[in-house]
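Dear colleague,

Please find below the sequence and structure that I am handing over to you. My notes on what was found follow directly after them.

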Amino acid sequence: MIRLTFHGAAHTVTGSKYLLEADGASVLIDCGLFQGLKKLRELNWAGTPFKAGELDAILLTHAHLDHCGYLPRVVKEGYNHRVFCTPATAKLAEINMLDSAKIQEQDAEYANKKGFSKHKPALPLYDGRDVLDTIKLFRECEREDWYNVAGPIWARFHDAGHLLGSNMIEVEVRQHEKVTRILFSGDVGRYDGPLYHDPTPPPECDYLVCESTYGNRDHPETDLQKSLGEVINRGIERGGVILMASFAVGRAQQLIYLLQLLKCDNVIPDLPIYLDSPMACNATDIYREHSIDHDLSEGELCGDRPVLGGPAVHLCRSPDESKALNNIDHSAIIIASSGMMTGGRIIHHLKRRLSDPRTTLIMGGYQAVGTRGRRLEEGAETLRMHGQDIAVNAALEKVPGLSGHADRSGLLRWLKDLPTPKQTFMTHGEPDSAEALAHTLRTDRGWEVTVPKLGDSVELG
């Protein structure tokens, strides 16, 4: 018997966890945190829905927290086997999880200081020591090679084009003469996305677990570099600082690359770029280390402007370096996390500059329900930060082409040549998005498609 259970990313875009069981072996594909709305975040504390100590292996598609951020909790609860992932994923996951642990420890300390937690004392979901225990378990894998991860379960990784080191994972359950193939899409990247290669065509499979983040809509057809250049130049005309709310891992590095290209092409002036995020700075170091994995088809960079560096790119790691940015009163670009403005140093910059009409705030990528980014998208006139309501007077700009996810057309393009699986499971999308893509595949291609709910379990023949 082969059983697949959806413990996350079911009717939501977060918390990816898929439990695959076969002949006594148990393998978890992804181990993500639930993020966004409070009711989702509370699921992280609701109890792990499987026995961590009974898992035989964990496979990671990539290093974003909604795919790896629950891993230290599972290790804290007794998991002590290997975690299979690519080398870049191992490095990026480490810095993401350490940052997550730090935030949780600080939140717990603050709750205890203020006394508002119902738990006495308030505790983090996991701490830095749990992360250090976790990274000892990483087994770095090369793409396109098969690995026997547990019992009859084998796996290999293919480039998903979403993030440095990101993958779709092809799984084979080899039972005597019978082989059952299951493909887990992970997050499928965009075609022609800056810095990343196009997603690998999906291999033939019996069962497909497919993401649907943008399953009901397409990104606007725009020239990304042209659009970004126009937005930057409008920001310069306003005379204030240009804030870019960015994910620290992946998006920030794409932005620096694109801005450097625009400078080389004399589309924008050589204004300073400040990357204000210790985690983004560390991730940038990893991107530089793995430069062989970059797709630079948009253009090599000229002179003293390497892909992720140069004299105009300033990496701000310390609190003092970040605070010094408050004194800037001329056109400059500050890239700070988090991308959905749920925390991080971007909050301090918003508090300082959101009420100034000279400020330009650039948002790019998906803004989940319940986040500050979504409220700004929906036209909020004030934004609450650190207990204060700050007026939204800044100019808000959107550069949709910055999303790291394939849109509806991109997903259909990715699936175009895939022979019909026995069954497809539509995951990692809000209900409307998942159902829309499922409906298209049912009606246009005659596929058998299910949109599982959280906790649903199926037997695979």
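Helix H7 covers residues 251–264, which makes 14 residues in this predicted model. From its first C-alpha to its last, H7 reaches 20 Å, close to the 20 Å expected at 1.5 Å a residue. Of its 14 residues, 14 are buried, so H7 is largely enclosed by the rest of the structure. Just after H7 comes Asn266, which takes a positive phi of about 60°.

A second helix, H12, spans residues 408–415. Its buried residues are Gly410, Leu411, Trp414 and Leu415. Which part of the helix do these buried residues line? Seen down the axis of H12, they fall within an arc of 130°, so they line one face of the helix. As background, an α-helix has 3.6 residues a turn, so residues three or four places apart point the same way. The buried residues of H12 pack against three strands, namely E9 (167–175), E10 (178–184) and E11 (207–211), and against helix H13 (431–445). At the N-terminal end, H12 is capped by Asp407, with a side-chain oxygen 3.3 Å from the backbone nitrogen of Ser409.

I turn next to the sheets. One is an open sheet of six strands with parallel pairing, in the order E14-E13-E15-E12-E16-E19. Strand E14 (313–316) and strand E19 (395–398) form its edges, and each of them pairs on one side only. From one strand to the next, the twist averages 20°. Within this sheet, strand E12 (residues 242–245) and strand E15 (residues 333–336) are joined in the parallel sense by four bridges. Met244 has Ile335 in E15 as its bridge partner. Helix H8 (residues 278–289) packs on the sheet, where it touches strand E13 (273–276) and E14. The direction of H8 makes about 125° with that of E14.

Another open sheet has seven strands and mixed pairing, in the order E6-E5-E4-E3-E2-E1-E22. Here the edge strands are E6 (138–140) and E22 (457–460), each pairing on one side only. The twist in this sheet averages 25° from one strand to the next. Strands E2 (residues 18–22) and E3 (residues 25–29) run antiparallel and are joined by five bridges. In this pair, Ala22 stands opposite Ala25 in E3. Helix H4 (residues 87–114) packs on the sheet and touches strand E5 (83–85) and E6, its direction making about 150° with that of E6.

Strand E1 (residues 2–6) belongs to the seven-stranded sheet. Four of its five residues are buried, so E1 is largely enclosed by the rest of the structure. E1 runs antiparallel to E22, to which four bridges join it, and it pairs with E2 in the antiparallel sense over five bridges. Arg3 stands opposite Glu459 in E22 and opposite Glu21 in E2.

Finally, one residue in a loop may be of interest to you. Trp45 is found between helix H1 (38–41) and strand E4 (57–59). Is Trp45 buried, exposed or partly exposed? With a relative accessible area of 48%, Trp45 is partly exposed. Leaving aside neighbours within four places in sequence, Trp45 is in contact with Leu123, Pro124 and Leu125. The C-alpha atom of Trp45 is separated by 47 Å from that of Asp270, which lies 225 residues apart from it along the chain.

With kind regards

Methods. Residues numbered from 1 in each chain as written. Predicted model: local features only at pLDDT ≥ 70, side-chain atom pairs only at ≥ 80, totals over all residues. Heavy atoms only, no water. Pairing = 2+ DSSP bridges. Helix = DSSP H or I, 4+ residues; strand = E, 2+ residues; numbered from the N terminus. Axes fitted to C-alpha atoms, helices over the stretch in contact; angles between N-to-C directions. Contact = heavy atoms within 4.5 Å. Expected span 1.5 Å × (residues − 1). Buried < 20%, exposed > 50% of the residue type's maximum accessible area, 1.4 Å probe, protein only. Arc of directions from axis to C-beta. Polar contact = N/O pair within 3.5 Å; in protein donor to acceptor, adjacent residues only side chain to side chain.
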